[in-house]
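Welcome, and thanks for taking a look at this one. Please have the sequence and the model open side by side as you read.

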Amino acid sequence: MPFNLLVTACLVYVLILFTVAFVVERRARAGRLGWLRSPVVYTLSLSIYCTAWTFYGAVGYAARSGLEFLTIYFGPTLVFVGWWWLLRKLVRIGRQYRVTSIADLISSRFGKSNTLGVIVTVIAVVAATPYIALQLQSVVLSFGVFASATEGSVAVDAGRTAFWVAVGLAFFTILFGTRNLDVKEQHHGIVTAIAVEAVVKLVALVAVGSFVVWGIAGGLSAIIDKIDASGLTAGAVQPGRWAGLIFLSAAAVITLPRMFQVLVVESDNEDQLASASWAFPFYLLAMSLFIMPIAVVGLDRMPSGANPDMFVLTLPLAEGQGALAMLAFLGGFSSATSMVIVESIALATMISNHVVIPLWLRLRPAEAGGEDLRAVVLNARRLAIVAVLALGYGYYRLSGGSAALASIGLIAFLGMAQVLPAMLGGLFWRGATRTGAILGLVTGFTVWAYASFLPSFGPGAALSEAVFQGGLFGIGWLRPQALFGTEGMDPLVHALFWSMTLNALAFCLGSLLTFPGPVERLQGAAFVNVFQGGSGPQRWARGQVEPEQLLAMAQRILGEEVSLALFEAAARDQGKAGFLPDPTPAFLDALEARLSGTVGAATAHAMLSQLVGRAMVTVEDLMAVASEAAQIMEYSARLETRESELTRTAGALREANEKLQQLSVQKDAFLSQISHELRTPMTSIRAFSEILTEGVLPAEQVTRYGRIIHDEAKRLTRLLDDLLDLSVLENGMVQLNLGLANLHQMLETALTAARQTRPERNFLVTRDPASEAIFLRTDADRLTQVFINLISNARKYCTADQPELRISLRQRGGKLTVDFVDNGKGIPKESQSLIFEKFARLSDANRAGGAGLGLAICREIMTSLGGSVAYLPGQGGAAFRVTVPLRLEKLAA
Amino acid sequence: MMARPKRPLFLAPASYRRRRLADASRLLPVFGIILLFLPLMWTEASELRLTSGHVIYFFGVWLFLVGVAAAFAPGLKAGDRAADGSDEDED
């Protein structure tokens, strides 16, 4: 198969990917993504977990260590089928807080600390570099396989091939990865291109596998026999490695920057994740289904010196299947390129957000509004992509490109897995602090570098022989592969155990012993309780910033059009016209979230802090928020009080209204009553005086009629006197005749006077003469009038057969109360409020000749005397209480 | 410690079902771990020799996990949307 054809096929394939990415980008910009956001594309994009290492290396791994290669897939499988534990929360946090990378996640969880962002970025770059070198190497190797298979063609210069592949990848990545700054760091074009590549690699591997099983080995049972016969499975599986590798791959699938990018950053909704929870493990299963048969058949068929890493290519070539080999080559090419592209985008985002932009802002802080920061961000990303690929290429050239693919892959996994304790701790433990995270990461990274990464170069390369044999500084228990004297462990398990243990220990101790700052605590609560609603804590106090400055800054990052639209919408929400909303806490939060989608949480926070003039939420801010809440509560309490007051007033008004209506009815009744009262004597006076004028009557008749006329006239006069008295009292024009008076005397007088009312009734009066020996300074005549009235009333209305009246006294606080209690049936409740009104009289049955003015007059008198008269309910009969001051001073009246 | 927001004491049957489904989904990886370590436990350490039987066993377990996860996914997905806004916390 001509080598040139291979290169052409390669270029055509890349061109197709370009087209796919380009078309999707255009659709995305037009907002027509449709099925491109479906779970299928999401799941397929996750397949960048399967790199060239999986595509080529897994066969080599199986050929060397048997079934152990499966562990690399079991870890992710367990993580995905258990998505409800971790992935769901991770994706929710990623979407809610617009996380742009794993460094951004860690940094924003621990109080938007850029230090943490830098540490995670460094770890990610160091761990990814060998991995990228690995991909370049696999592409170069696969080119080499074809070159050597093609007779008479030019020998492939490995270095040059690697170089051009790296350049091509950098070009593709820059073109689609840094076209624009998205609000959320999403790249639909690239994701779709990767999904296409995922299909290609699956199809290629399944095609080769099927050819091997049915084309060469001759069916399923034959291949099973071959597996048993090969002795491949005889390679002992060490339980330690088995468990360690499953753990490692499980950690890697969530911490690797490229996995985080497609899993969290590019995720649109949680439904995608639900589907991927089974579809991605299924994809992995399909990818590894034919690994074992290919390895077995390869070992069987190929010459003994052949590189088992390349069986996927060499087997079809050896069997003369050029087209199949071509497909396999494209599959491997896809695996390598997709990994490198996504990894370099993820790393470039981290580098620009956590290293370059903070540095840039520190070096040139004053030029707010002057320049468009977007250009700086984009250029920083482009440079970072080139740098990452250059590092990978450099590593490839340095390492000589010979080591077995799988071992360096696992070392890279372990490096990145150092982020795991900080990440899990941050997601599930509110007590995790920034200091703890820094300590854990630095410890883990150091142990990893010393025990795993540096020794991987071989003795005498990065670490000297002496260190390998005798330990650092000659200390025996610091030997890189036997830390603390744990000799004989598998090197990888050894490094895994010590780095993760010490990392987690440092993280936990650091968290337990330090105290988190306010932002850290807010962020911690927001992340850990992400499912408990809300859009996170309010992070900004009302700022002292001009909206113009904010707009200028937003324009630097988001661009003019987007920022203006954002500000206008915010202003409209606040009910303002124009483009400048008030810098309310809510607006600042929204703006920060928007900015952090582009430059990361730490940088966005720092930039806003610069303008708002507050680096952190202080305790005072929290207090302010708290007191604001308290004010609101107080205000609502006040409202409540006012409302109940209103209710009470309304009730009083209603009562008054009812009373008025009753009074009006009574007044009408009284008017007819009084006209009747006036009319009756008038009628008899008129009639008798008429008879008298006729003058023919005997003398005794004249005398009788004269007395009748006289009596009637007296009655009239009394009635009119009462009315006059009342009106005088009511108008406050009464003249009081103040003097010292004996209470006993007054009661005696009153009882005697009242005896004229219904004299036929024999009343039993209960008194306490001893307590009555009191001198009052008051108007004795008026008070006696009240007493007479009350006693007469009792005589008139008490219905008992053996009427009794009890008069009791009590002195209290300069006041004297005199109670008149009879043993009648009392006054019904509904009438109690009316008896003191003018013209009030109870049922006609109790009419006793009065005009219903007595109690009204009593009340007016008592008011004039500075006291009161009231009905006492619940005394067993009608009961009235007269309250009178012991010493009445001269009133204004 | 912040006061936990009040949650209803009893749930409608649909949300109740969904929570039990989530519980089952949480148990799945635990179950998976046990199954994937089983062969290492029953084989004696001296002769940890894997055969094609093991290969079939592992792929069988794998397929089983995928199948169960696939059976759970639609219920959890639909429920997620229904419970949006008043999402439960994780305990």
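## The two chains

Let's begin with chain B, which has two helices and zero strands. Of its 91 residues, 19% count as buried. Please keep in mind throughout that this is a predicted model.

Chain A holds 33 helices and nine strands. Buried residues account for 45% of its 893 residues. How are the contacts of chain A spread along the sequence? Taking contacts between residues at least 6 apart, 81% join residues at least 24 apart.

## Two helices and their spans

Helix α11 of chain A covers residues 239-255. Its 17 residues should span 24 Å at 1.5 Å a residue, and the end C-alpha atoms are indeed 24 Å apart, so expectation and model agree. Twelve of the 17 residues are buried, which means that α11(A) is largely enclosed by the rest of the structure. If you would like to find them, the buried residues include A:W242, A:G244, A:L245, A:I246 and A:L248. The list then goes on through A:S249, A:A250, A:A251, A:A252, A:V253, A:I254 and A:T255.

Helix α31 of chain A, residues 780-797, is another one to check against its expected span. With 18 residues, α31(A) reaches 26 Å from its first C-alpha to its last, close to the 26 Å expected at 1.5 Å a residue. Which residues of α31(A) are buried? They are A:L783, A:V786, A:F787, A:I788, A:N789, A:L790, A:I791, A:S792, A:N793, A:A794 and A:R795.

## An oblique pair: α19 and α22

Two packed helices are described by the angle between their axes and the distance between the axes. In chain A, take helix α19 (residues 420-428) together with helix α22 (residues 491-513): their axes come within 9 Å and cross at roughly 40 degrees. That angle is not under 35 degrees, the limit for roughly parallel, so α19(A) is oblique to α22(A). The crossing of these two helices is right-handed.

On the α19(A) side, the contact is made by A:P421, A:A422 and A:G425. The α22(A) side brings A:N503, A:A504, A:F507 and A:S511. By residue class, the contact of α19(A) with α22(A) has four nonpolar, three polar and no charged residues.

## A roughly parallel pair: α24 and α26

Next come helix α24 (residues 547-558) of chain A and α26(A), which pack at an angle of about 25 degrees with their axes 10 Å apart. These two helices are therefore roughly parallel to each other. The crossing of α24(A) and α26(A) is left-handed.

From α24(A), the residues making the contact are A:L550, A:A554, A:I557 and A:L558. From α26(A), they are A:L591, A:R594, A:L595, A:T598 and A:V599. The residues of this contact divide into seven nonpolar, one polar and one charged.

Now step back to the loop between α25 (560-573) and α26 (585-599) of chain A, where A:T584 is found. Is A:T584 buried, exposed or partly exposed? There are 15 other C-beta atoms within 10 Å, so A:T584 is partly exposed. The C-alpha atoms of A:T584 and A:Q574 are separated by 9.4 Å, and the two residues are ten apart along the chain.

## Positive phi in two loops

Which loop holds A:R98? It is the one between α5 (87-96) and α6 (102-109) of chain A. A:R98 has a positive phi of about 50 degrees although it is not a glycine. A:R98 counts as buried because 23 C-beta neighbours lie inside 10 Å.

Moving on to the loop between α6 and α7 (114-149) of chain A, we meet A:K112. A:K112 is not a glycine either, yet has a positive phi of about 50 degrees. With 26 C-beta neighbours inside 10 Å, A:K112 counts as buried.

## A link across the sequence

Our last stop is A:V122, in helix α7 of chain A. A:V122 has 17 other C-beta atoms within 10 Å, so this residue is partly exposed. Try locating A:V355 as well: A:V122 and A:V355 are 233 residues apart in sequence, with a C-alpha to C-alpha separation of 9.6 Å in space.

Definitions and conventions: Residues numbered from 1 in each chain as written. Chains lettered and ligands numbered in written order. Predicted model: local features only at pLDDT ≥ 70, side-chain atom pairs only at ≥ 80, totals over all residues. Helix = DSSP H or I, 4+ residues; strand = E, 2+ residues; numbered from the N terminus. Buried ≥ 20, exposed ≤ 12 C-beta atoms within 10 Å, placed from the backbone. Contact = placed C-beta atoms within 7 Å. Axes fitted to C-alpha atoms, helices over the stretch in contact; angles between N-to-C directions. Parallel < 35°, antiparallel > 145°, perpendicular 65-115°, else oblique. Left-handed = near helix turned anticlockwise from the far one by under 90°. Nonpolar A, V, L, I, M, F, W, Y, C, P; charged D, E, K, R; others polar. Expected span 1.5 Å × (residues − 1).
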